[in-house]
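Look at the model below before reading on. Trace the chains from end to end, then use the report to find your way around.

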Amino acid sequence: MIQLCSNDDPPVSFTVPRKAVELSKTIKTMLEDLEGFDMEQTPIPLPNVDAPTLELIVKWVEQHQDDPPPVEKPRVEDDDSDDSDADDDQEPEVVIPEWDKKFLPTDDEQKNQLFKLLNAANYLEIKPLLDIGCKYVADKISGQTVEWVRDYLNMENDYTPEEEAKLKEEIAWAEGL
Amino acid sequence: DKVDSDSLILVFRSLSFKERVRLELVCKRWCAILRSTFANVKALNVADFLVNSSQNYYQQDSLSFVPTVIGLVSRCGPYVRSIGFGSRWLKVSQPIVDNISHYCTRLSSLDLGCVILNADISEALTAIGPNLVDFSLEETSWIDQEAGDKVHRQFINMKKLVRINLRRAMFDLTRLPDLPANLEYINISGARGLSAATFNQFLMFHPNLTELHVSPFPCGDATTLDIIGNMPKLRLLEIGYIQRFEEDSFDLHALSAISSLQTLHIQNCLPLTTSCFRLMCATLLNLTSLTVISCQRVLNYSPLGECQQLERLNVGQTIQFCDDDLTSIAANRTLSSFTITKCINVTTDGLVHLIRNCPINELVVNNCEDVSDAALVALATSRLPVHTVAMQGCMYISNKGAAALANLEWLTALKELDLSHNRAIDDQAVLAIYAALRDAVARESSTRTADEQKMTIYVHRTGVSPQLEGVVRDLITLSY
């Protein structure tokens with residue numbers, strides 16, 4: 001078992017099976033680097049993750065610890081000499097499994113928890129969790145107005161009215177589609 | 001709380017192109033991130049981004065899509081390898097061509113087929129021509145013919161070109177021989193603007209051609225066919241619409257020397273005589289696919305039995321093709337795809353013999369009067385994994401034959417069934433196939449993948465009712 005600590009003061013710690021925790025590439029690499037130390041006794045601090053988010057992460061990795069590992073496709077660097085179309089890196093369509101649909105904090109009041117979860121999944125390199133979370137957000141904002149999206153994702157409009165008007169005119173062709 | 005950039009990139013990547021463009025208005029940071037996500041756009045079809053509010057063709061002058069093209073290529077231009085206009089007669093203006101040439105610096109494929117060019121593309125071709133591998137000017141027309149006549153002068157710069165489509169080109173092609181020697185594919189069917197001497201010179205300079213489309217035959221003289229006959233690497237030849245009689249000046253015997261030929265398509269060729277056909281069948285030993293349509297001077301099809309590698313055969317518009325010929329073809333046991341159209345001397349007996357002896361997976365029999373339900377019954381009991389069956393306008397085909405297909409051992413392999421133009425076909429036939437398909441799918445449920453292609457049944461001009469579509473929709477697409 002491995003202990004993970006949140007960034008709260010005082011830290012909240014969770015005990016997780018090693019197999020589950022290794023779904024995080026970040027932690028897996030760390031454990032491999034520290035091979036030989038008794039990691040069972042050493043809590044791992046996670047400076048970017050708070051307790052409620054860590055609780056969700058733990059819940060997810062425990063649920064998915066027996067999943068077959070995702071097929072990793074080597075990323076082809078896009079250099080100018082390569083003219084083949086073999087490096088057609090179209091993202092495969094992500095499908096959110098039933099369990100995950102219920103698991104994701106999808107109520108609008110919980111949206112900040114969802115964003116924290118995405119950022120934590122990114123920091124911890126839990127690719128499948130990040131994929132389904134991003135897919136959820138993409139579906140959510142697809143077809144919505146710019147104002148709605150801005151509000152949903154806590155963004156502020158930093159364009160001057162002139163800049164905004166100019167950009168609006170420039171992308172008018174995409175509006176009617 | 002804000003979502004960090006890495007996650008945003010993932011979010012944006014599953015949004016459509018236009019959705020990403022729209023969201024640039026959210027804020028400056030998003031705009032920058034969004035514009036970095038267009039690197040995965042490798043192919044662009046401009047027609048996909050046009051709004052057609054009038055339900056008319058796009059070529060109308062009122063529709064200006066210059067802002068759309070600029071919007072597209074200014075974002076993904078540097079990454080795009082292939083660009084096209086959807087072959088729907090869009091009117092392409094000078095600013096569109098200029099912007100593509102300015103932004104799309106890594107373009108290797110340019111499809112200007114079936115567009116109306118209101119532009120001079122010479123300058124653009126000077127810039128992007130040297131990198132093009134694939135170029136189409138199929139049926140392209142120019143508002144200003146003079147601009148079109150300038151294009152062939154750019155051929156000499158297209159050093160990397162492998163494929164070019166000049167079907168029905170109506171502009172000057174005097175410099176056709178300038179195309180690079182590495183050219184492998186050309187479609188020059190029905191092209192005007194070149195002389196026999198130019199065409200001959202082009203053919204002699206391009207020994208690497210593997211695919212040549214000359215149907216209709218653009219032009220030629222006594223030596224043209226000899227040159228084609230000597231092409232060392234030709235794998236596919238499509239030749240047609242040669243109505244000249246004088247065998248001396250236009251001798252197709254030369255084609256029998258192309259020993260590398262695998263696919264031959266001959267249509268409406270009067271110089272193709274029985275003796276010529278016999279020689280081809282006897283000498284083209286690598287031939288796996290042969291199409292012979294409307295060749296009136298072939299009076300005997302029995303030489304087909306000599307084609308020992310033949311996998312695909314398509315014969316049309318002849319009364320000379322008959323059951324005996326099918327018997328000699330069947331003896332080789334190689335045929336997997338068989339298509340006939342208006343061959344009134346092919347009957348049920350010939351087809352049954354073929355089905356019993358060859359690994360048929362595609363059977364297309366259109367407008368053949370003497371073919372009856374027994375042919376379909378034979379197919380259904382053959383245990384062959386058939387994927388395509390068409391019996392268009394065969395007056396003796398009824399529900400009995402069509403419904404027999406429900407007994408196919410590999411019913412889920414059948415993807416296309418064309419029963420159009422058969423008045424005697426109605427709901428009964430479709431329902432019988434549907435019921436059997438439902439059982440077959442249930443049996444195979446464990447091995448079926450989610451993206452399995454549905455079966456399509458074509459029922460144009462049959463007695464199949466429009467209501468049936470809703471009943472069978474889950475497993476069968478009905479096309480009326």
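The report covers annotated domains, sheets and a cavity.

This is a predicted model, in which local features need pLDDT of at least 70, side-chain atom pairs count only at pLDDT 80 or more, and totals for chains, interfaces and linings use all residues. Residues are numbered from 1 along each chain as its sequence is written, chains are lettered from A and ligands numbered from 1 in the order in which they are written, and side-chain values use heavy atoms, with hydrogens and water left out.

## Annotated domains

UniProt lists three features here as domains, each from an unreviewed entry; positions follow the numbering used here, names are shortened, and annotations may be inferred rather than shown by experiment. Helices (H or I, at least four residues) and strands (E, at least two) are DSSP runs, numbered from the N terminus.

| UniProt domain | Residues | Helix | Strand | Distance between end C-alpha atoms |
|---|---|---|---|---|
| SKP1 component POZ | 1-65 of chain A | 42% | 15% | 13 Å |
| SKP1 component dimerisation | 127-174 of chain A | 73% | 0% | 31 Å |
| F-box | 5-36 of chain B | 75% | 0% | 11 Å |

## A sheet in chain A

Strands of a sheet pair through backbone hydrogen bonds, either parallel or antiparallel. Here, two strands pair if DSSP finds at least two bridges between them. In chain A, 3 strands form an open sheet with mixed pairing, in the order E2-E1-E3. Strands E2 (13-16) and E3 (44-45) of chain A each have a single partner strand, so one side of each is left without a neighbour in the sheet. Strand E1 (residues 2-5) of chain A runs parallel to E3(A), and 2 bridges join them. Cys5(A) stands opposite Pro45(A) in E3(A).

A helix joins the picture. Helix H3 (residues 51-64) of chain A lies across E1 and E2 of chain A. H3(A) runs at about 5° to E2(A). Axes are lines fitted to C-alpha atoms, for helices over the stretch in contact (heavy atoms within 4.5 Å), and angles run from 0 to 180 degrees between N-to-C directions.

## A sheet in chain B

Chain B has an open sheet of 3 strands with parallel pairing, in the order E3-E5-E7. Strands E3 (91-93) and E7 (141-142) of chain B stand at the edges with a single partner strand each, so one side of each is left without a neighbour in the sheet. Strand E5 (residues 116-118) of chain B is joined to E7(B) by 2 bridges. Ile116(B) stands opposite Ser141(B) in E7(B). Helix H5(B) packs on this sheet and touches E3 and E5 of chain B. The direction of H5(B) makes about 65° with that of E3(B).

## The largest cavity

Where is empty space left inside? A cavity is a set of points, on a 1 Å grid over the protein atoms alone, where a 1.4 Å probe fits but cannot get out. The structure holds 3 cavities of 30 Å³ or more. The largest has a volume of about 90 Å³; grid points are joined across faces, edges and corners, and a volume is the space filled by probe spheres set on the points.

Lining residues have an atom within 4 Å of a point. Among those lining the largest cavity are Phe85(B), Val97(B), Ser101(B) and Ile128(B). Helices H5 (94-103) and H6 (122-128) of chain B each supply at least two residues of this lining. By class, the lining has 9 nonpolar, 1 polar and no charged residues. Ala, Val, Leu, Ile, Met, Phe, Trp, Tyr, Cys and Pro count as nonpolar, Asp, Glu, Lys and Arg as charged, and the others, Gly among them, as polar.

Definitions and conventions. On a 1 Å grid over the protein atoms alone, a cavity is a set of points where a 1.4 Å probe fits but cannot get out, and a pocket is an open set with protein on both sides within 12 Å along at least five of seven lines; lining residues have an atom within 4 Å of a point.
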